[in-house]
2 protein chains.
Amino acid sequence: MRCLSCTEKYDVAGTCKECYEELNETEEELKSEIDDLRAKVAFLRFWSPLDHHYPGRPIVPGFTDVALVASSDEPSAGPAVPVPAHKALLVSRSPVFRAMLENEMEESRTGTIKIGDVSYDALRAFVNYLYTAEACLDEQLACDLLVLAEKYQVKHLKTYCEKFLVSKLNWDSSIMSYAFAHQHNAKLMLDSALSLITDNMDKLTTKAEYVDLVEKDPRLVVEIYEAYLSKQVNTAAHKDSSPGL
Amino acid sequence: MRCLSCTEKYDVAGTCKECYEELNETEEELKSEIDDLRAKVAFLRFWSPLDHHYPGRPIVPGFTDVALVASSDEPSAGPAVPVPAHKALLVSRSPVFRAMLENEMEESRTGTIKIGDVSYDALRAFVNYLYTAEACLDEQLACDLLVLAEKYQVKHLKTYCEKFLVSKLNWDSSIMSYAFAHQHNAKLMLDSALSLITDNMDKLTTKAEYVDLVEKDPRLVVEIYEAYLSKQVNTAAHKDSSPGL
């Protein structure tokens with residue numbers, strides 16, 4: 001028989017013509033749905049007040065009614081450049097901003113929201129994401145944004161950063177990633193890091209980061225061993241229940 | 001051979017195993033992309049100032065800074081209920097609102113935008129769409145929103161309404177739809193209506209709407225005949241070039 005798709009001859013069973021055509025139709029429908037959704041995203045993507053705003057240049061107004069300021073403890077830092085935004089948008093994206101701005105708190109009265117322990121660049125990327133659902137991540141920025149997303153309860157951004165960090169996960173960074181994920185309740189990242197660590201237990205105790213972690217937060221190390229043990233028990237149970245073993 | 005998909009036996013060629021698996025994988029990838037896009041849409045979907053706003057009830061503020069008012073010529077209409085909105089959002093969705101609000105025009109100064117020839121319900125649905133990219137359409141509302149989308153250059157909404165109206169197209173409404181599409185530059189709808197009409201030319205001249213259109217706007221009728229003629233010429237050319245004829 002000759003395959004309708006690749007036109008090569010084949011003799012191991014594949015699909016019948018009807019199923020092939022059905023799969024093809026499904027693919028067309030899915031692609032069309034993707035086109036629709038992309039257009040919807042492009043429409044809903046909010047014009048960001050940062051599109052025309054660079055430090056040192058005057059801010060294009062765009063009806064902004066609030067400014068976010070990165071407040072750093074470092075005395076060497078110069079005067080902070082405010083990042084303009086719209087209250088209505090912040091409120092719609094984050095329940096923390098909602099509580100802050102809808103109740104007559106200091107931020108609402110002054111029109112300034114101070115964001116602690118964050119660089120200007122990370123704050124700018126954070127605000128930009130709230131408007132556009134887009135960010136150009138590297139590992140540092142992904143960590144910074146994950147922390148902000150956790151603090152201001154922006155779930156979509158947190159997931160976005162977690163997925164990126166999981167894709168960059170490797171043995172060298174696994175302990176650091178595990179501790180970071182633990183600290184910021186990043187479940188997806190935590191599971192991935194833990195799985196990577198428990199797959200390499202023979203190399204674990206020689207790692208400098210491991211020794212550090214035992215020193216600083218031994219409970220986290222206990223959790224690694226517990227996960228390893230649970231994995232072993234599960235594997236054993238699976239073997240026992242497998243037919244023919 | 002037995003189909004890997006439906007498990008039935010088959011003897012007319014379909015796809016080989018590799019292509020079947022590849023198609024399956026593609027389907028999984030497309031579905032995962034759809035999930036991502038849906039989450040993005042849910043995130044970007046703006047909290048609408050209308051979510052908690054019904055006529056007669058106080059407007060929840062939500063930092064709105066402009067109001068749209070349906071201005072009707074009918075003297076029987078009561079005082080118009082304003083639809084609250086955010087300048088920044090209107091500006092980001094429509095180049096017409098942008099020009100209106102970013103230049104010091106009357107609307108910008110007064111904070112009120114009058115929208116002519118529209119019902120309160122249509123205006124409300126229009127504003128809601130700008131925030132959410134969603135509308136619960138019937139044919140009347142789709143026509144009203146298409147007119148607004150054309151006027152305020154909201155392409156995404158126009159396409160949305162056109163697709164809905166095309167899906168509802170039938171012989172009874174074809175002439176009206178054709179004239180409406182013509183008036184509002186709705187190309188997709190125009191082509192569909194024209195195609196439906198030219199497929200039923202034998203019934204055309206007996207329609208009351210046809211007689212009306214000849215009276216009111218004969219140029220549109222000429223365009224129907226021109227499209228019909230062009231279709232005939234194309235069909236004839238296609239027949240001539242077909243092999244074996």
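Reader: Where is Gln153(A) found?

Author: Gln153(A) is found in the loop between H6 and helix H7 (155–167) of chain A, where helices (H or I, at least four residues) and strands (E, at least two) are DSSP runs numbered from the N terminus. This is a predicted model, in which local features need pLDDT of at least 70 and side-chain atom pairs count only at pLDDT 80 or more, while totals for chains, interfaces and linings use all residues. Residues are numbered from 1 along each chain as its sequence is written, chains are lettered from A and ligands numbered from 1 in the order in which they are written, and side-chain values use heavy atoms, with hydrogens and water left out.

Reader: Why is Gln153(A) called partly exposed?

Author: Buried means under 20% relative accessible area, exposed over 50%, and partly exposed in between, with a 1.4 Å probe and protein chains only. Gln153(A) has 47% relative accessibility, and therefore counts as partly exposed. Its phi is near 55°, a positive value in a residue other than glycine.

Reader: What makes Ala133(A) buried or exposed?

Author: Ala133(A) has a relative accessibility of 2%, so it counts as buried. Ala133(A) is found in the loop between H5 and helix H6 (139–151) of chain A, and phi of Ala133(A) is near 60°, again a positive value in a residue other than glycine.

Reader: Why is His238(A), in helix H12 (residues 218–241) of chain A, called exposed?

Author: The relative accessible area of His238(A) is 55%, and so His238(A) is exposed.

Reader: How do you know which strands are the edge strands of the sheet in chain A?

Author: The open sheet of three strands has the order S2-S1-S3 (chain A), with mixed pairing. Two strands pair if DSSP finds at least two bridges between them, and strand S2 (83–85) and strand S3 (112–116) of chain A each pair on one side only, as edge strands do. Strand S1 (residues 66–71) of chain A and S2(A) pair in the antiparallel sense over three bridges, with Val66(A) standing opposite Ala85(A) in S2(A).

Reader: What packs on this sheet?

Author: Helix H5 (residues 120–132) of chain A packs on the sheet, touching S1, S2 and S3 of chain A, where contact means heavy atoms within 4.5 Å.

Reader: How do you know what relation holds between chain A and chain B?

Author: Copies are superposed by least squares on the C-alpha atoms of residues with pLDDT of at least 70 in both. A rotation of 179° with 0.1 Å of shift along its axis superposes chain A on chain B, at an RMSD of 0.2 Å, and that is the relation of a two-fold axis. The same surface serves both copies, since 100% of the contact residues of chain A recur in chain B.

Reader: How many residues are in contact between the chains, and what area is buried?

Author: In chain A, 57 residues are in contact with 57 residues of chain B. Buried area is the accessible area (1.4 Å probe) that two parts lose on being put together, summed over both, and between chain A and chain B it is about 5000 Å², of which carbon and sulfur atoms give 74%. Phe43(A), Leu44(A) and Phe63(A) lose the most area to chain B in chain A, together 16% of what that side buries.

Terms used: Axes fitted to C-alpha atoms, helices over the stretch in contact; angles between N-to-C directions.
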